[in-house]
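Reader: I'm new to reading protein models. Could you walk me through the helices in this one?

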Amino acid sequence: MAIRLDWSAYPDRERRKAFTEGLIPECPLPSAGVSVPECRKVARSLDGCDIEIVYIEDVLVKGIWIFSAKEPFRVKKERIEAFLPLLVSWMVTDVVTSSLHLDKCDEEEAYTYFLSLMDRSDEMVRRLGIVALMRRAFMTRERMEEVLDRLTAVRTEHHLLAMGAAWYLATAYIKDPELALPYFKRVDSLIAKMARQKCRDSRRLDKEAKVRLDKS
């Protein structure tokens, strides 16, 4: 039987609820008014992920548990597939992928899987694939080029997906400017614009790299 998480004891819930719901207007679920760090603590306390879904925080806890579980990726992949219908917000994709635990021996299988998600039809599933592929182990030159080639097919009518694509392009430019620079002219123009802004705002890029991007 699915367990129902009790969020009633957490403080300042009304303020957090208003903030969270304002941050993710696309989400069909209400917020319980609990922070992401608290959701991570709850996920670590659970023995499983069979959770009744009432609030966005329930989704976060379930996803964090699945992605952070120390188990072979072939097992984790089945749980992720079952979780995909719960990608109801960009917050879910970004929080759960940041929780991903992978053993080194599973990195190739995981890379192939997340890359395959970019070919799905659902906007949030594709975004999850893109965001997961920003994991440091996946950001090799060969893999980045493969992902960047696929980003050229992303269009901005899918706004949250486009934002994920821009995030990836900016991250790739920070990692390997020579490789990523030509893609600012190959991707959708709004994605390129958003990625340029992310680069301008980044403290990880030196002035020379920013000027070079502005001149391209």
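**A covered helix and its neighbours**

Author: Happily! Helix α3 is mostly covered, with 12 of its 13 residues buried (under 20% relative accessible area, 1.4 Å probe, protein chains only). This is a predicted model, where local features need pLDDT of at least 70, side-chain atom pairs count only at pLDDT 80 or more, and totals for chains, interfaces and linings use all residues. Residues are numbered from 1 along each chain as its sequence is written, and side-chain values use heavy atoms, leaving out hydrogens and water.

Reader: Are α3 and α5 roughly parallel or roughly antiparallel, and why?

Author: Helices here are DSSP runs (H or I, at least four residues), numbered from the N terminus. Helix α3 covers residues 56–68 and helix α5 residues 90–98; they pack at an angle of about 30 degrees. Angles under 35 degrees count as roughly parallel and over 145 as roughly antiparallel. Therefore α3 and α5 are roughly parallel.

Reader: How many nonpolar residues are in the contact of α3 with α5?

Author: Contact means heavy atoms within 4.5 Å. On the α3 side, the residues include Ile56, Val59 and Phe67, and on the α5 side they include Met91 and Val95. The contact has no charged residues and 2 polar ones, and its nonpolar residues number 9.

Reader: How far does α11 reach from its first C-alpha to its last?

Author: Helix α11 spans residues 189–201, which gives 13 residues. The expected span is 1.5 Å times one less than the number of residues, here 18 Å. The reach of α11 is close to that, at 19 Å.

Notes
Axes are lines fitted to C-alpha atoms, for helices over the stretch in contact, and angles run from 0 to 180 degrees between N-to-C directions. Helices (H or I, at least four residues) and strands (E, at least two) are DSSP runs, numbered from the N terminus. Angles under 35 degrees count as roughly parallel, over 145 as roughly antiparallel, 65 to 115 as roughly perpendicular and the rest as oblique. Ala, Val, Leu, Ile, Met, Phe, Trp, Tyr, Cys and Pro count as nonpolar, Asp, Glu, Lys and Arg as charged, and the others, Gly among them, as polar. Buried means under 20% relative accessible area, exposed over 50%, partly exposed in between (1.4 Å probe, protein chains only).
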